[in-house]
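Here are some short exercises to help you find your way around a new structure. Have a go at each one before you read its solution.

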Amino acid sequence: MNSILVTGGAGFIGSNLVEYLVDKYPDYKIVVVDSLTYAGDVENLDSVKNSKNFTFVNGDICDRDLMERVFQHYIVHGVIHLAAESHVDNSISGPGIFIETNVKGTFTLIDVAYKYWMEKPFVFKSGFENSRFLHVSTDEVYGTLGETGLFTETTPYAPNSPYSASKASSDLIVRSYFHTYGMNTVITNCSNNYGPNQHDEKLIPTVIRKALAGEAIPIYGDGKNIRDWLYVTDHCLGIDLAFHNGKGGEVYNIGGKNERDNNYIANKICELLDTLVPKEESYKDQITYVEDRAGHDYRYAIDASKIENELGWQAAENFETGILKTVEWYIKKYKG
Ligand SMILES: NC(=O)c1ccc[n+]([C@@H]2O[C@H](COP(=O)([O-])OP(=O)(O)OC[C@H]3O[C@@H](n4cnc5c(N)ncnc54)[C@H](O)[C@@H]3O)[C@@H](O)[C@H]2O)c1
């Protein structure tokens, strides 16, 4: 049984991915390493905790000794690396931990994998010839777009926030391990995700939570910032395809062709809540504009044609189908 190490598996995307992998690949042992920061929650893994092919290790990817022990103990054959500090606002108020986890943590992890899988540059140890390191990253590394254009895999990096700069740095470290040591790496750069298990601090859970609590729904600036929204399980499928069928050393952009601005999102969620949990006034009355995020990128949008054409990836959800499922899930979470 091959062991696949999934870092950050107790977080939003990680927990959805682990559920997907445990179910789809009964012959893999899925080993999650997560240090359970404020953003991680073991309860996100409740659905898999009793599965025979799942193990949880409470640990920090920056802890080299621990990472070495995990690789040795579980005979790790592949890595899907998601552990990160992920919230842009937190990176503005406290950038240090973003450098620590996203840059140093990624370096520690890939260096441990390199030494465990390879004799020397371009020579794999016996039994690890197919060992792959997949690094999950973000479209934010490309900076911001104007009204038109899409990010492709060749768009120059131009990160604008401490978060995106730390992710861009980690992408470049992974790239260097492919070119210098011949490691089998793949990087995926995905647009904004939404769906079950996302932390309360992020936009969509915040809109739903504040709406249901009867509080002001805060929207940054004029609400016209645009993101390309992808339902989380569509991202998991993209990671799966890139991990199993992607070409070593390549980058794959993943995005849903579902550009929506924050005004649309807040209004759409309020309309759904007006139907699903009606009250006298529309939830839209609670929408409030607050001071904009410092350095707020205007627009992100992904050209996903490479992963579509080369790996056959296709999003199953569009924003309207995905947001309905999401709102229903958070109503249960927040209202019981
Ligand atoms: N959420 C998005 O829209 C999005 C889009 C594209 C890419 N990504 C990337 O996907 C990955 C997962 O994002 P997410 O939204 O699920 O994040 P998240 O914040 O929900 O989860 C991150 C997880 O990593 C864990 N973690 C943090 N520091 C750690 C450390 N030092 N050692 C071990 N575990 C640690 C946390 O406990 C948490 O469980 C990140 O790398 C992020 O950059 C996210």
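Before we start, one term: helices (H or I, at least four residues) and strands (E, at least two) are DSSP runs, numbered from the N terminus. Keep in mind, too, that this is a predicted model.

**Exercise 1. Find out which residues the domain annotation covers, and how much of that span is helix and strand.**

Solution. Start with the record: an unreviewed UniProt entry carries the annotation "domain: NAD(P)-binding" for residues 5–324. Next, look at what that span is made of: 39% of it is helix and 19% is strand. Finally, check its two ends, whose C-alpha atoms lie 32 Å apart.

**Exercise 2. Work out the strand order of the open sheet of 7 strands, and name its edge strands.**

Solution. Reading across the sheet, the order is 3-2-1-4-7-8-13, and the pairing is parallel. The edges are strand 3 (54–58) and strand 13 (251–254), since each of them pairs on one side only. On average, neighbouring strands here are turned by 20° against each other, ignoring direction. Now add a helix: helix 1 (residues 12–24) lies across strand 1 (2–7), strand 2 (28–34), strand 3 and strand 4 (76–81). Relative to strand 2, helix 1 runs at about 165°.

**Exercise 3. Trace the partners of strand 4 and say whether its residues are buried or exposed.**

Solution. Take strand 1 to begin with: it pairs with strand 4 in the parallel sense over 5 bridges, and Leu 5 stands opposite Val 79 of strand 4. Then go to strand 7, which runs parallel to strand 4 and is joined to it by 4 bridges. There, Gly 78 stands opposite Arg 132 of strand 7. As for burial, strand 4 is mostly covered, with 6 of its 6 residues buried.

**Exercise 4. Follow the chain from strand 7 to strand 8, then on across the sheet to strand 13.**

Solution. Strand 7 and strand 8 form a parallel pair with 6 bridges; in that pair, Phe 133 has Thr 185 of strand 8 as its bridge partner. To get from strand 7 to strand 8, the chain passes through helix 5 (residues 162–181), making a right-handed β-α-β crossover. Strand 8 (residues 185–190) also pairs with strand 13, again in the parallel sense, over 4 bridges. Two matches to look for are Ile 187 opposite Val 251, and Thr 188 with its bridge partner Tyr 252.

**Exercise 5. Explain why strand 8 counts as largely enclosed.**

Solution. In a regular strand, side chains alternate between the two faces of the sheet. So check each face in turn, using under 20% relative accessible area as the cut-off for buried. One side has Thr 185, Ile 187 and Asn 189, the other has Val 186, Thr 188 and Cys 190, and all are buried. Because 6 of its 6 residues are buried, strand 8 is largely enclosed by the rest of the structure.

**Exercise 6. Place Ser 131 in the chain and describe its surroundings.**

Solution. Ser 131 sits in the loop between strand 6 (123–124) and strand 7 (132–138). Its relative accessibility is 1%, so Ser 131 counts as buried. Setting aside neighbours within four places in sequence, Ser 131 touches His 77, Trp 117, Phe 124 and Asn 184. With His 77 there is a polar detail to spot: a polar side-chain atom of Ser 131 lies 2.8 Å from the backbone oxygen of His 77.

Methods: Residues are numbered from 1 along each chain as its sequence is written. This is a predicted model: local features need pLDDT of at least 70, side-chain atom pairs count only at pLDDT 80 or more; totals for chains, interfaces and linings use all residues. Side-chain values use heavy atoms; hydrogens and water are left out. Two strands pair if DSSP finds at least two bridges between them. Axes are lines fitted to C-alpha atoms, for helices over the stretch in contact, and angles run from 0 to 180 degrees between N-to-C directions. Contact means heavy atoms within 4.5 Å. UniProt positions are given in the numbering used here, feature names are shortened, and annotations may be inferred rather than shown by experiment. Buried means under 20% relative accessible area, exposed over 50%, partly exposed in between (1.4 Å probe, protein chains only). A polar contact is a pair of N or O atoms within 3.5 Å; within protein, one must be able to donate a hydrogen and the other to accept it, and residues adjacent in sequence count only if both atoms are side-chain atoms. A crossover is right-handed if, with the strands pointing away from the viewer, the path from the first strand over the helix to the second runs clockwise.
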